[in-house]
Amino acid sequence: MTVRPRITTFLRSNGAVEDASGRATAILKQAVGYQGGDAGFSRVISLMEEAGELKRDVRGKRTYKIYVVGATGTAVAPIGSPAPGAAKTGGDTPGGDLDYDELAATLLAR
């Protein structure tokens, strides 16, 4: 599973990621097991927001909340308890699926 579906699945299963100190992006990165750099993950989150897949509450350079939005543009409530291993990476093993979103974000960051 590529990074975008992992993020969406995690947010749908667990609800919004919130942090009073403005580190919601770093918390989400760790939760979904993203192995790339911070800039690459931030770019993926930004692209997902531009595509209308999620929303962020940002003040300055800090992100305080990240959540999935429904078709009406409102926050989506969690669908229940997370699936076992939902926050673990998938496809990072040799011979696994190539994560094109992660690759593109990393190349754009460079």
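1. Let's start with one residue: Thr8 sits in helix 1. (Helices here are DSSP runs of H or I with at least four residues, strands are runs of E with at least two, and both are numbered from the N terminus.) Thr8 has a relative accessible area of 18%, so it counts as buried. The cut-offs are these: buried is under 20% relative accessible area, exposed is over 50%, and partly exposed is in between, using a 1.4 Å probe and protein chains only. If you skip its neighbours within four places in sequence, Thr8 is in contact with Met48, Glu53 and Val68. Contact means heavy atoms within 4.5 Å.

2. A word on what you're looking at. This is a predicted model, in which local features need pLDDT of at least 70 and side-chain atom pairs count only at pLDDT 80 or more, while totals for chains, interfaces and linings use all residues. Residues are numbered from 1 along each chain as its sequence is written, and side-chain values use heavy atoms, with hydrogens and water left out.

3. Now the overall layout. The chain holds four helices and three strands, and from the N terminus on they come in the order α-β-α-α-β-β-α. Of its 110 residues, 34% count as buried. Take the contacts with a separation of 6 or more: 64% of them join residues 24 or more positions apart.

4. Back to helix 1, which covers residues 3-14. Its 12 residues reach 16 Å from first C-alpha to last, close to the 16 Å expected at 1.5 Å a residue. (The expected span is 1.5 Å times one less than the number of residues.) Thr8 has buried company in this helix, including Val3, Ile7, Phe10 and Leu11. Just after the helix, Gly15 takes a positive phi of about 85°.

5. What does helix 1 lie across? It lies across strand 1, strand 2 and strand 3, and runs at about 80° to strand 3. (Axes are lines fitted to C-alpha atoms, for helices over the stretch in contact, and angles run from 0 to 180 degrees between N-to-C directions.)

6. Those strands make an open sheet with the order 1-3-2 and antiparallel pairing. Two strands pair if DSSP finds at least two bridges between them. In general, strands of a sheet pair through backbone hydrogen bonds, either parallel or antiparallel. Strand 1 (17-18) and strand 2 (54-59) are the edge strands, each pairing on one side only. As for strand 3, five of its seven residues are buried, so the rest of the structure largely encloses it.

7. Have a look at the pairings one by one. Strand 1 and strand 3 (residues 62-68) pair over two bridges: Val17 stands opposite Ile66, and Glu18 has Lys65 as its bridge partner. Strand 2 and strand 3 pair in the antiparallel sense over six bridges, and Arg59 is partnered with Arg62. These two strands form a hairpin with two residues between them, and Gly60 in the turn has a positive phi of about 70°.

8. Which helices cross at roughly 100°? Helix 2 and helix 3 do, with axes that come within 11 Å. That makes them roughly perpendicular, since angles of 65 to 115 degrees get that label, under 35 counts as roughly parallel, over 145 as roughly antiparallel and the rest as oblique. Where they meet, helix 2 brings Thr25, Leu28, Lys29 and Val32, and helix 3 brings Asp38, Phe41, Ser42 and Ile45.

9. On to the largest nonpolar core, which has 18 residues. (Such a core is a set of buried Ala, Val, Leu, Ile, Met, Phe, Trp, Tyr and Cys residues joined through side-chain atoms within 4.5 Å.) Ile7, Phe10, Leu11, Leu28, Val32, Phe41 and Leu54 touch the most other members. Helix 1, helix 2 (24-32), helix 3 (38-50) and strand 3 each give two or more residues to this core. Leaving aside neighbours within four places in sequence, Leu54 is in contact with a list of residues that includes Ile7, Leu11, Ile45 and Met48.

10. Last, a contrast with Thr8. Is Leu108 buried or exposed? Leu108 counts as exposed, because its relative accessibility is 56%. You'll find Leu108 in helix 4 (residues 100-109). Leu108 and Ala39 are 69 residues apart in sequence, and their C-alpha atoms are 9.1 Å apart in space.
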